[in-house]
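Please look over the charged side chains in the structure shown here, with attention to how they pair and how much of each is open to solvent. The report below takes up these pairs in turn.

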Amino acid sequence: MLKSEIVKTFDERRNEFTPYGFTCELWAPKPMDKLDRHNEIELNYLPEGTLTYFFKECRITVPAGRLILFWGLIPHKIVDYEHLSSYYVCTIPLAQFLAWNLPGSFVDRVLQGEMMMESDERFSSYDLFLMDNWLRDADKQKADVSLSEMQGRMVRLADNVLSGQPNTSSFLLKEEVSLVEKMAIYIAKNYFNPIRVSDVGKAVGLHPDYANAIFKKTFGCTLSEFIVAERITHAQRKLLASHLSITQIAFDSGFNSVSRFNSAFLKTNGCTPREYRKQALSPSLDL
């Protein structure tokens, strides 16, 4: 690790959705008082210790020596760490990630909110070498080299994660990549309002049918399904972290009726909102 490098920490004053852009930095771990959301793909590598995230309504502990990758638009925060003084963080703009035309099934899992972790321990020293190089080159005119190396590393990570699964690719035109990124951000910022597919299409200047088609090609779900997923995720957080009534949570999450909320929640989680709150394993978790 490069001890001379500046070590950064999460800025609690940071506004949600503020872009990080393309970065490679050393971060010092600390429990976060609020969830972070950004539209970049995030890479983490821990040279030692462990780091525990609250991610997609559960705790995930990241071990040392394993590259992890996740989409920053999924609400996430650090809740704990052990024996870790600093770790590597790289952020890659979503448009760049999608333009790499990685295996479609791998991209689908990332965009559907899965935290991907390298399964092969033999890559640990290789990843440390890469991270040191990317960190060293971050303030130089070598961004194109780093991005090229990252693309190659993502291909290997996808191969290891998929391990024999169908290795299809999902090709998008450059202009489509930009549009689906804007649609995802629009939904993330407005899901609690009574938005429709036509509103999303209008926001990016597309006919609703075409907007829905290219969005589904990227995310594997329709715009309506993505809106509902955002609302359910928000409701899950509120059920765990507040004492608000089910009715209040339903309307705060963007649903226009309690019955629709209950139906969508049951379909997604296999239980009612009331059962979800009652069965939560960590009801006192400070979210």
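In this predicted model, Glu114 and Arg109 are joined through their side chains by a salt bridge with an N to O distance of 2.7 Å. Glu114 is partly exposed, with a relative accessible area of 31%, and Arg109 is likewise partly exposed, with a relative accessible area of 22%.

A search of the whole structure finds 11 salt bridges, including the three set out here.

| Salt bridge | N to O distance |
|---|---|
| Glu114 and Arg109 | 2.7 Å |
| Arg153 and Asp127 | 2.6 Å |
| Arg13 and Asp11 | 3.3 Å |

The salt bridge between Arg153 and Asp127, at 2.6 Å from N to O, connects two helices, because Arg153 lies in helix α4 (residues 143–162) while Asp127 lies in helix α3 (residues 124–137), so that the pair ties together parts that are 26 residues apart in sequence. Arg153 has a relative accessibility of 1% and therefore counts as buried, and Asp127, at 2% relative accessibility, counts as buried too. Through salt bridges with shared partners, Glu118, Asp127 and Arg153 are joined into one network.

Is Arg13, which forms a salt bridge with Asp11, buried or exposed? With 72% relative accessibility, Arg13 counts as exposed, whereas its partner Asp11, at 34% relative accessibility, counts as partly exposed. The closest N and O atoms of Arg13 and Asp11 are 3.3 Å apart, which lies within the 4 Å cut-off, so the contact qualifies as a salt bridge.

Methods: Residues numbered from 1 in each chain as written. Predicted model: local features only at pLDDT ≥ 70, side-chain atom pairs only at ≥ 80, totals over all residues. Heavy atoms only, no water. Buried < 20%, exposed > 50% of the residue type's maximum accessible area, 1.4 Å probe, protein only. Helix = DSSP H or I, 4+ residues; strand = E, 2+ residues; numbered from the N terminus.
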